[in-house]
Amino acid sequence: MSQLKRTPLFSEYEKYGAKTIDFGGWDLPVQFSGIKHEHEVTRTKAGLFDVSHMGEIVVKGPKSLSFLQKMTTNDVSKLTLNRAQYTFMCNENGGVIDDFLIYMLDDNYYLLVVNAANTEKDLQWLNDHNRYTNEELIISDVTKDYVQLALQGPKAETILQKLTDTNLKDIKFFRFRSDVRFHGLNTEAIVSRTGYTGEDGFEIYIDQSCGSKLWNALLENGKEEGLEPVGLGARDTLRFEANLPLYGQELSEDITPIEAGLNFFVKVDKGVSFIGEDVLKDQLEKGTTRKLVGIEMIDRGIPRTGYDVWHEDERIGHVTSGTQAPTLKKNIGLALIKTAYAEEGTEIDVQVRKRKLKAKIIETPFLKK
């Protein structure tokens, strides 16, 4: 059995009572003080996440824009310096190889922040489709260079502002600065107003040698505002309430962005052909046979990932994610089902072990800000 990978912050977890688990080959904290508590802290105060397991891939060179336009569904030409963009990389059938953020660091210089479990696959996919020379395009995995922290919650800006002279109010949603300096740290960091919780906040990319210092500085300076470290468990319930997709559940190589209801990030009119375009364009024009919907349990029970969904005697799909939502105090889920049954208010059944429990289709996102 291969040894689990660890982020540069692993030694810090124990100080805060972390319970770690195997997450895609990484030894990561599932919780520190408890999932529901950490969820509540992030929604009402602020939570600090170590997300250094995420992958970072640099794409740079004179052909970088034309290459990324071919490889991704969004319109990369709309990016300008210090802007970020959410996008998909799809296969020929429109299925999702990965979903990720693209940061434009400079002209012909982009940083892709990809899902941890997909980093090697993404790198291989990009290299397999690269037809350019090294003078025209360079693709490199720089994951080990960075510690990535996410500071999320209504108090996030107040806390982070204590550590820098950069005016964080100037960093708007999906914008970033790559020259942010923190007090006592002799290096520049990328700070972007992005996140995966449905709350305001920042994602910070800093040289791995400074990661522990920044982690501790944030927790120390955020004490007054109630900042606490948060693990993967609450990260999942937070993103779920905000209806943010999780790769491998709401998106996969067999689930298209259109089926997942993420049409906005698929630009079939950007004037450049991209991989999977024909299938996605057809789905946009004609609709899909499957659709991702929100469900709320009527009977007592929690809809867990993989549970079958039924309408009378017909199996119509499966649950992709589900939980008892901590903020909403409801048992809810996301399910990929046949479009014919996707209308709000439709009653369905969720197979929970040997029993079929009643549920209904509801509007998403579950949490409205």
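1. Let me start with the pairing of β4 and β7. Strand β7 (residues 109-114) runs antiparallel to β4, and six bridges join the two. One pair to look at is E56, which stands opposite V113 in β7. Keep in mind throughout that this is a predicted model.

2. β4 has a second partner too: strand β8 (residues 138-141) pairs with β4 in the antiparallel sense, over four bridges. Here V58 has S140 of β8 as its bridge partner. As for burial, β4 (residues 55-60) is largely enclosed by the rest of the structure, because five of its six residues are buried.

3. Next, helix α4, residues 119-128. Which of its residues are buried? They are T119, D122, L123, W125 and L126. These residues span an arc of only 160 degrees around the axis, so they sit on the same side of α4. In general, an α-helix has 3.6 residues a turn, so residues three or four places apart point the same way. And what do the buried residues of α4 pack against? The list takes in β4, β7 and β8 from the points above, along with α3 (64-71), β5 and β6.

4. On to the largest nonpolar core, which has 40 residues. Within this core, the residues touching the most other members are F88, Y103, L111, I190 and L251. At least two core residues come from each of β5 (84-90), β6 (96-106), β7, β9 (146-152), α7 (232-241) and β17. Another core, of 32 residues, lies apart from this one; L149, F182, L214 and L219 are among its members.

5. L251 deserves a closer look. If you set aside its neighbours within four places in sequence, L251 is in contact with Y86, F88, V96, D99, P245, L246, T256, P257, A260 and L262. F88, in that list, is also one of the core residues that touch the most other members.

6. Last, the β15, β16 and β17 strands. β15 (residues 308-311) pairs with β16 (residues 314-325) in the antiparallel sense, over four bridges, and V309 stands opposite G317 in β16. Their hairpin has two residues between the strands, and E312 takes a positive phi near 55 degrees there.

7. β16 also runs antiparallel to β17 (residues 330-338), with eight bridges joining them. In this pairing, H318 stands opposite L336 of β17. The hairpin of β16 and β17 has four residues between the strands, and in it K329 takes a positive phi near 55 degrees. β17 also links back to point 4, as it supplies at least two residues of the 40-residue core.

How values were computed:
Residues numbered from 1 in each chain as written. Predicted model: local features only at pLDDT ≥ 70, side-chain atom pairs only at ≥ 80, totals over all residues. Heavy atoms only, no water. Pairing = 2+ DSSP bridges. Buried < 20%, exposed > 50% of the residue type's maximum accessible area, 1.4 Å probe, protein only. Core = buried A, V, L, I, M, F, W, Y, C linked by side-chain atoms within 4.5 Å. Contact = heavy atoms within 4.5 Å. Arc of directions from axis to C-beta.
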